[in-house]
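Work through the exercises below with the sequence and the 3D view side by side, and try each task before you read its solution.

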Amino acid sequence: MRNNKKAIAMGVTVFAFVTAVMLILIPIENKRKTYEKYGELAVFAETDERAEYIIKNSDEYPESVLKVYYEDTEDMADFEWVYNYPFHKDDYMTMTFTEEELNSENVPALYMYDPRWSYEKIGGAYIKVDGCGAVSITMAALYLNHNSDIDPVKVAQVAEYNDFLGTIGGILTKHIAQLLEILGFETVEHNYNCEDMTQKETIPLQDIQAVLEKDHVCLVAMYGDTFGGHAMIITEANDDGTIRINDPASEENTEKVWNYKDIEPELICYWDVSAK
């Protein structure tokens, strides 16, 4: 009888030990799997409730949205855009422009990451990622027409319908003029794109000034280290060689004063856009 009690006690002790070990190992294993699946996001979740929310509610986030964070883990704007997806993914359904945007005396600044349209697609990509052309054209349309007939999603839809997009989204430079004409604008294209950028013809600042002096919009395509492959608008060009831009990807770039000579080598095309 005493031996049976000892055996039972031993069994209880072993069971308790195994249970304790499991209680320790299971969370460790779960944590390992979380780190393996989410990488830097899991690390961030240790100190940030929003990152923790993303992981705990991962079924609310498409892989294509999470990918935006993983592509640049140090960009907090990208992280915030990802986090806000469940709360703002349908904002386009009720979007409006502000009175300031509709009645601005200057080309209004709009951004690709604006939740009013950033979660919508242009081809295979989100406007947040590949919508520089669509957002830039919208800026031009607001300034020239002062109405809400055109927005980034509508521009993307027209571009896609006419097969003006690249393989994963984004409007191809060679189709910008056609797209602007379909949308109802007068457009004069000045294309300096060439295979060897070192042989590109210099674009005088006076050419840009001539567009702006007519109260037209100067839409530009850039290619190089500063902006990558990008569309934006030059809003101001001064005799001292400084310019201002509306960069749909960066509020910081929009607020900055640029030296034209520093970015001109990357300017491959510009469009003189006006209302019909």
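Three exercises follow, on a model that is predicted.

**Exercise 1. Describe the chain as a whole: how many helices and strands are there, and what part of the residues is buried?**

Begin with the secondary structure, which comes to 14 helices and 8 strands. Next, turn to burial, where the count for the chain of 276 residues gives 43% as buried. Then consider the surface, since the chain has an accessible area of about 15500 Å², and carbon and sulfur atoms account for 51% of that area. Finally, look at how the chain meets itself: among contacts between residues at least 6 apart in sequence, 60% join residues that are at least 24 apart.

**Exercise 2. Locate Arg116 and decide whether it is buried or exposed.**

Start from the position of Arg116, which lies in the loop between α7 (99-102) and β1 (121-122). The relative accessibility of Arg116 is 15%, and because buried means under 20%, Arg116 counts as buried. Now examine its surroundings, where the side chain of Arg116 makes a polar contact of 2.8 Å with the side chain of Asp114. Beyond the neighbours within four places in sequence, Arg116 is in contact with eight listed residues, including Asp91, Tyr92, Phe97, Glu101 and Leu110.

**Exercise 3. Find the largest nonpolar core, and then place Ile208 in relation to the cores.**

As background, nonpolar side chains in soluble globular proteins tend to be buried together. The largest nonpolar core here has 43 residues, and the members that touch the most others are Ile137, Ile171 and Trp271. Two or more residues of this core come from each of α9 (132-145), α10 (152-161), α11 (176-182), β4 (217-224), β5 (228-237) and β8 (267-275), with α9 giving the most, 10 residues. Taking Ile137 as an example, and leaving aside its neighbours within four places in sequence, its contacts include Val155, Ile171, Leu179 and Leu219.

Apart from this core lies another, of 19 residues, and Ile208, Val211, Cys218 and Met232 are among its members. Ile208 sits in helix α12 (residues 205-213), and since its relative accessible area is 0%, Ile208 is buried. As a last step, compare sequence with space: Ile208 and Cys218 are 10 residues apart in sequence, while their C-alpha atoms are 7.0 Å apart. Leaving aside neighbours within four places in sequence, Ile208 is in contact with Cys218, and its other contacts include Ile203, Ile234 and Tyr270.

Technical notes:
Residues are numbered from 1 along each chain as its sequence is written. This is a predicted model: local features need pLDDT of at least 70, side-chain atom pairs count only at pLDDT 80 or more; totals for chains, interfaces and linings use all residues. Side-chain values use heavy atoms; hydrogens and water are left out. Helices (H or I, at least four residues) and strands (E, at least two) are DSSP runs, numbered from the N terminus. Buried means under 20% relative accessible area, exposed over 50%, partly exposed in between (1.4 Å probe, protein chains only). A polar contact is a pair of N or O atoms within 3.5 Å; within protein, one must be able to donate a hydrogen and the other to accept it, and residues adjacent in sequence count only if both atoms are side-chain atoms. Contact means heavy atoms within 4.5 Å. Accessible areas come from the Shrake-Rupley method with a 1.4 Å probe; for residues, only the protein chains shown count as cover. A nonpolar core is a set of buried Ala, Val, Leu, Ile, Met, Phe, Trp, Tyr and Cys residues joined through side-chain atoms within 4.5 Å.
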